[in-house]
Amino acid sequence: MPRKGANKPTVTRLPITKARVNFGAVVKRVHLNKEYIIIEKDGIPIAGLMDIDEFEDYLEQQDATVRKAIAASHTEYEAGKSRAATDLLSELADQKSTQPKRKRKGI
């Protein structure tokens, strides 16, 4: 899933010794700047770091049920069964304003 405001993710390679010494700063870069960090040992990539939000999205997409739901949703969208969010929000606001107000019970 493309990230908002990002054209191309920054990928940085770091030796494991440098990553270990600067671990807090490395994690901060991953989280705040949405960078990818590839950790290397003797020049060989052994691990990668990415922001938790993106990682959770990745894990969700590995679930077959989620993939089917996404595919079904996309099919409905392509068939024109969607509406603008502003229309939905206006409809919800109208429904809320027409509902009778409940009286709060005294304590």
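Contact here means heavy atoms within 4.5 Å. By that criterion, and not counting residues up to four places away in sequence, Lys41 touches Ile16 and Ile46. The model examined is a predicted one. In it, Lys41 lies in strand E2 and is partly exposed, with a relative accessible area of 48%. The C-alpha atoms of Lys41 and Ile16 are separated by 5.6 Å, although the two residues are 25 positions apart along the chain.

The overall arrangement of the chain is described next. Its secondary structure comes to five helices and three strands. Read from the N terminus, the elements follow the order β-α-α-β-β-α-α-α. The chain has 107 residues, of which 11% count as buried. Among contacts with a separation of 6 or more, 38% are accounted for by residues 24 or more positions apart.

The three strands form an open sheet in the order E1-E2-E3, with mixed pairing. E1 and strand E3 (44-49) are the edge strands, each pairing on one side only. On average, and with direction ignored, neighbouring strands of this sheet are turned by 30° against each other. E1 and E2 run parallel and are joined by five bridges. Within this pairing, Arg13 stands opposite Ile38 in E2, and Pro15 has Glu40 of E2 as its bridge partner. Helix H2 lies across E1, E2 and E3, running at about 145° to E2.

Side chains along E1 alternate between two faces. Thr12 and Leu14 point to one face and are buried, while Val11, Arg13 and Pro15 point to the other and are not. Leu14 also belongs to the largest nonpolar core, a set of six residues completed by Ala19, Val26, Val30, Ile37 and Ile39. Helix H2 (23-33) and E2 each supply at least two residues of this core. For Ile37, leaving aside neighbours within four places in sequence, the contacts include the core residues Leu14, Val26 and Val30. Ile37 is also in contact with Thr12, Arg29, Ala47, Gly48 and Leu49.

Charged side chains were considered separately. Side chains of opposite charge can pair when their charged atoms come close. The structure holds four salt bridges. One of them is formed by the side chains of Arg13 and Glu40, at 2.5 Å from N to O. Arg13 lies in strand E1 (residues 11-15) and Glu40 in strand E2, so this pair ties together parts that are 27 residues apart in sequence. The two partners have unlike surroundings in terms of accessibility: Arg13 is partly exposed, with a relative accessible area of 47%, whereas Glu40 counts as buried at 15%. The cut-off for a buried residue is under 20% relative accessible area, so the value of 15% places Glu40 in that class.

Glu40 occupies a position in strand E2 (residues 36-41). The side chains of Glu40 and Arg13 are also joined by a polar contact of 2.5 Å. Apart from residues up to four places away in sequence, Glu40 touches Arg13, Leu14, Pro15, Ile16, Pro45 and Ile46. Of these, Pro15 is the bridge partner of Glu40, and Arg13 is the salt-bridge partner. Ile16 and Ile46 are in addition touched by Lys41.

Two further salt bridges were examined. The side chains of Glu35 and Arg29 meet at 3.0 Å from N to O. In this pair, Glu35 is buried, with a relative accessible area of 9%, and Arg29 counts as partly exposed at 31%. Arg29 is also among the residues in contact with Ile37. Glu91 forms a salt bridge with Arg83, where the closest N and O atoms are 2.6 Å apart. Glu91 counts as partly exposed, at 34% relative accessibility.

Conventions. Residues are numbered from 1 along each chain as its sequence is written. This is a predicted model: local features need pLDDT of at least 70, side-chain atom pairs count only at pLDDT 80 or more; totals for chains, interfaces and linings use all residues. Side-chain values use heavy atoms; hydrogens and water are left out. Helices (H or I, at least four residues) and strands (E, at least two) are DSSP runs, numbered from the N terminus. Buried means under 20% relative accessible area, exposed over 50%, partly exposed in between (1.4 Å probe, protein chains only). A polar contact is a pair of N or O atoms within 3.5 Å; within protein, one must be able to donate a hydrogen and the other to accept it, and residues adjacent in sequence count only if both atoms are side-chain atoms. Two strands pair if DSSP finds at least two bridges between them. A nonpolar core is a set of buried Ala, Val, Leu, Ile, Met, Phe, Trp, Tyr and Cys residues joined through side-chain atoms within 4.5 Å. Axes are lines fitted to C-alpha atoms, for helices over the stretch in contact, and angles run from 0 to 180 degrees between N-to-C directions.
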